[in-house]
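The following report describes one protein chain, moving between its charged side-chain pairs, its overall make-up and the pairing of its strands. Please read it alongside the sequence and the structure shown here.

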Amino acid sequence: MRPSRITFAYLLIIIGMPVFSDTIYVSEDHVPTISEALSMSEPGDVIIVQPGLYREGNIIINKKITLTGIKYPVADGSDSNEVFTIMSDSVVISGFQVQNCGVSYVKDRAGIRIDQQKGCVIENNRLINTFFGIYLKNASDCLILNNYIEGVAQDEFSSGNAIHLWYSKNITVEGNTCLQHRDGIYLEFVENSMIRKNHSERNLRYGLHFMFSNNDSYVENTFRDNGAGVAVMFSHHITMQNNHFLKNWGSSAYGLLLKDISDGEMTGNVFRENTVGIYGDGANRIRMEGNEFISNGYALKILGSCSGNTITGNNFISNTFDVFTNTSGNTNTFESNFWSDYTGYDLDRDNKGDVPYRPVKLFSYITGRVPASMILLRSPFVDLVDFAEKVMPSITPPTLEDASPLMKMIILN
């Protein structure tokens, strides 16, 4: 209890003025450490940290505090400590450079951790060389905004995720940059959350990774040059809108993996220069509309375990293979897409081809069975094989066709 504060507050009440929170300054000329300022503070106070290097780890925030850095003061965990651990509701941390919490094989150390709290805001921070960057556990109604998070991950076993959400709900992750971690953004058992306008690049495994998370959305993000772009696994009712999946190349890489997911929506996304644009295994009742697939190895790999999906109004442009499947049947709907390889005609000029388009080439079917045959990709023999199957289909799925292919590319926003 601080008598001077109570006296001042009492005087303000007497004269009818509102009571304001105290402000505590951290610098060489004021309070020397962040931890000391926190011990002096009371709920509702503002702590302003001046520029400098603060070698402090295990900074526990257990009261409602706004912690603001001026010109990115450095909070350094000295490669042996978690830096900030939030154990109170409604904490705000902004404007810091948080670094060097150190790798641990027994504890998920983080630059900033929110542990079973709600209403917290983490914004405009830089996190450098942290094992996990920002870690939320059993959190709700939190904002993770405009942070820059860069790791030094060399392998998956000694690296964590840039932003890690576990058993949380109503979280907004927006405007963050996530570089060189295991996963850029990871969600497990996360409900009713929004992942928006983030940039995730050069992460070892996934740019964004969903596990057992439902009723979430990711919108207007960019996933570039990751081990794989995005994995959505064992989830339902996911909205995927206006994202860019770019240059996710590798022997087992893809822009988007859909594994045991149902009842989702994909609109306005761009898949460009990925080994596989979308890999679907156990994906059911997904609506894919208004997306672009440009210069991918495979635009779509839809396995026989996928059913009830609707692929309509998309552009397929200059992909090596537009569609691959491993089954002779088809329970998905392809309708009114633009296919750059389509060579049919439109006699009634309704902008729809009069001849159905069959996007599964025989050679893609062969390479699925015998991967080494890919060496023949540019040979005249391949063109001959595909032409023969096009004229007299016998192996590729007879029901997998677009009965009304578009003659002109769709102009998408």
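## Charged pairs and a sheet of parallel strands

E289 and R287 form a salt bridge in which the closest N and O atoms lie 2.9 Å apart. Both partners keep some access to the surface in this predicted model, since E289 is partly exposed with a relative accessible area of 33% and R287 is likewise partly exposed at 37%. In addition, K259, D260 and D281 are joined into one network by salt bridges that share partners. Side chains of opposite charge can pair when their charged atoms come close.

A search of the whole structure finds 9 salt bridges, and the table sets out three of them with their N to O distances.

| Salt bridge | N to O distance | Relative accessible area of each residue |
|---|---|---|
| D183 and R205 | 2.7 Å | D183 0%, R205 23% |
| R285 and D263 | 2.8 Å | R285 46%, D263 28% |
| E289 and R287 | 2.9 Å | E289 33%, R287 37% |

The side chains of D183 and R205 meet in a salt bridge at 2.7 Å, N to O. This pair links distant parts of the chain, with D183 in strand β19 (residues 183-191) and R205 in the loop between β21 (199-201) and β22 (206-211), 22 residues apart. D183 counts as buried because its relative accessible area is 0%, under the cut-off of 20%, whereas R205, at 23%, counts as partly exposed.

The side chains of R285 and D263 meet in a salt bridge at 2.8 Å, N to O. This pair, too, links distant parts of the chain, for R285 belongs to the loop between β31 (276-284) and β32 (287-289) and D263 to the loop between β28 (256-262) and β29 (265-267), 22 residues apart. R285 is partly exposed at 46%, and D263 is partly exposed at 28%.

Turning to the chain as a whole, its secondary structure comes to 4 helices and 39 strands. Of the 413 residues in the protein chain, 53% are buried, and the accessible surface comes to about 18,300 Å², with 54% of that area belonging to carbon and sulfur atoms. Among the contacts with a separation of 6 or more, 47% are between residues 24 or more positions apart.

How are the strands arranged in the open sheet of 12 strands? Their order is β4-β7-β10-β13-β16-β19-β22-β25-β28-β31-β34-β37, and the pairing is parallel. β4 (59-61) and β37 (321-324) stand at the edges, each with a single partner strand, so one side of each is left without a neighbour in the sheet. On average, neighbouring strands of this sheet are turned by 10° against each other, direction ignored. Strands of a sheet pair through backbone hydrogen bonds, either parallel or antiparallel.

Strand β13 (residues 132-137) is mostly covered, with 5 of its 6 residues buried. Strand β10 (residues 110-115) pairs with β13 in the parallel sense over 5 bridges, and here R113 stands opposite Y135 in β13. β13 also pairs in the parallel sense with strand β16 (residues 163-169), over 4 bridges, and Y135 stands opposite H164 in β16. Further along, β16 and β19 pair in the parallel sense over 6 bridges, where L165 has L187 in β19 as its bridge partner. Strand β19 is also where D183 lies.

Definitions and conventions: Residues are numbered from 1 along each chain as its sequence is written. This is a predicted model: local features need pLDDT of at least 70, side-chain atom pairs count only at pLDDT 80 or more; totals for chains, interfaces and linings use all residues. Side-chain values use heavy atoms; hydrogens and water are left out. Helices (H or I, at least four residues) and strands (E, at least two) are DSSP runs, numbered from the N terminus. Buried means under 20% relative accessible area, exposed over 50%, partly exposed in between (1.4 Å probe, protein chains only). Contact means heavy atoms within 4.5 Å. Accessible areas come from the Shrake-Rupley method with a 1.4 Å probe; for residues, only the protein chains shown count as cover. A salt bridge is a side-chain nitrogen of Lys or Arg within 4 Å of a carboxyl oxygen of Asp or Glu. Two strands pair if DSSP finds at least two bridges between them. Axes are lines fitted to C-alpha atoms, for helices over the stretch in contact, and angles run from 0 to 180 degrees between N-to-C directions.
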